[in-house]
Amino acid sequence: MTAVLRTVNRVLIGLVGLVLVVLGGAVLAVGLGLQPPAWWLHQGPDDVLLGDAERTRWRDEGWWWPVVIAALAVVVLLALWWLTAVLRRRRLGEVLVDTGDGEGALLRGRAMEDAFATEAAALDGVARARVHLTGRRTAPAARVRLNVEPHVAPATALHHLTDRALTHARGSAGLASLPTEVRLRGVRHRPGRVS
């Protein structure tokens, strides 16, 4: 859903931006004296964009107000859906741990993230670690961001993460697998002073 939401965001923002640029540019061009085509709604620098005749033309029609209200309601609902989809947290709330007795236990997702991040940050050469759990509670996945010190090779940091922190996180939650996406970033350091 994240890729779909990202695509919808980009398309909507692009379309709104394009419409605003075209309309604003056209109004500016007409205001500066360019002759518009006959069908254009703004005919000159002294013309208003929406006159009394256009504003009141459909007011007495019986279908006008229900259509306007329905269209605005649809726009508001779509805007609310978009806003909640953008603001909704994609963090996994809990992980189902198999206890072996057929019952199971729930582990808070935040607790697992914190433990995983603490162990990853304690690895040699890792300046900072962030862990974000996604997926379902029966099949979680992890996104890890590591800030790596300049003296550590990325392959070494990745190897230590998978051998130690990831193995412990997977084992402590009783998971057969924990698919993990790791993003490494080098930490900038100030250059040393030469005397």
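Glu113 sits in helix α4 of this predicted model, and it makes a handy way into the fold. Its relative accessibility is just 3%, so Glu113 counts as buried, the cut-off being under 20%. Setting aside neighbours within four places in sequence, the contacts of Glu113 are Arg91, Val131, His132 and Leu133.

Some of those names come up again at the largest pocket. About 250 Å³ of space lies in this pocket. Its lining is made up of 13 residues, and the ones nearest the centre are Arg91, Arg130, Val131, His132 and Arg143. Arg91, Val131 and His132 are thus contacts of Glu113 as well as residues nearest the pocket centre. As for which elements build the wall, α4, β3, β4 and β5 each put in at least two residues. The largest share belongs to α4, with 4 residues.

Next door in sequence to Glu113 is Met112, which brings the nonpolar interior into view. The largest nonpolar core holds 25 residues, and Met112, Phe116, Leu146, Leu161 and Leu178 are those with the most contacts inside it. At least two residues of this core come from each of β1 (94-97), α4 (109-121), β3 (126-135), β4 (140-148) and α5 (154-172). The top contributor is α5, which gives 5 residues. In soluble globular proteins, nonpolar side chains tend to be buried together. Met112 itself, leaving out neighbours within four places in sequence, is in contact with Val95, Leu107, Leu133, Ala169, Ala173, Leu175 and Leu178. Leu133 therefore turns up twice, as a contact of Met112 and of Glu113, with the usual contact limit of heavy atoms within 4.5 Å.

Helix α5 deserves a look of its own. Its 19 residues, at 1.5 Å a residue, should span 27 Å, and the end C-alpha atoms are 26 Å apart, so the two figures agree. Even so, α5 carries a kink of about 35°, centred on Leu161. Leu161 is also one of the residues with the most contacts inside the largest nonpolar core. On the buried side of α5 are Ala157, His160, Leu161, Ala165, Leu166 and Ala169. The cover over these buried residues includes α4, β4 and β5 (180-186). One of them, Ala169, is in contact with Met112.

Other positions on α5 are less hidden. Leu158 lies in this helix and, at 36% relative accessibility, counts as partly exposed. Between the C-alpha atoms of Leu158 and Val148, which are 10 residues apart along the chain, the separation is 9.9 Å. Gly171, also in α5, is exposed, as its relative accessible area of 54% is over the 50% cut-off. From Gly171 to Gly186 there are 15 residues in sequence and 29 Å in space, C-alpha to C-alpha. Just after α5 comes Gly174, which takes a positive phi of about 65°.

The strands offer two further residues to follow. Thr134 has its place in strand β3 and is buried, with a relative accessibility of 14%. Apart from neighbours within four places in sequence, Thr134 is in contact with Arg90, Leu92, Pro140, Ala141 and Arg143. Of these, Arg143 is among the residues nearest the centre of the largest pocket.

Arg183, in strand β5, is partly exposed, its relative accessible area being 48%. Beyond its neighbours within four places in sequence, Arg183 is in contact with Val144, Arg145 and Leu146. Leu146 is another of the residues with the most contacts inside the largest nonpolar core. Arg183 and Arg130 are 53 residues apart in sequence, yet their C-alpha atoms are 9.9 Å apart in space. Arg130 leads back to the largest pocket, where it is one of the lining residues nearest the centre.

Notes
Residues are numbered from 1 along each chain as its sequence is written. This is a predicted model: local features need pLDDT of at least 70, side-chain atom pairs count only at pLDDT 80 or more; totals for chains, interfaces and linings use all residues. Side-chain values use heavy atoms; hydrogens and water are left out. A nonpolar core is a set of buried Ala, Val, Leu, Ile, Met, Phe, Trp, Tyr and Cys residues joined through side-chain atoms within 4.5 Å. Buried means under 20% relative accessible area, exposed over 50%, partly exposed in between (1.4 Å probe, protein chains only). The expected span of a helix is 1.5 Å times one less than its number of residues. The bend at a residue is the angle between axes fitted to the seven residues ending there and the seven starting there. On a 1 Å grid over the protein atoms alone, a cavity is a set of points where a 1.4 Å probe fits but cannot get out, and a pocket is an open set with protein on both sides within 12 Å along at least five of seven lines; lining residues have an atom within 4 Å of a point. Grid points are joined across faces, edges and corners, and a volume is the space filled by probe spheres set on the points.
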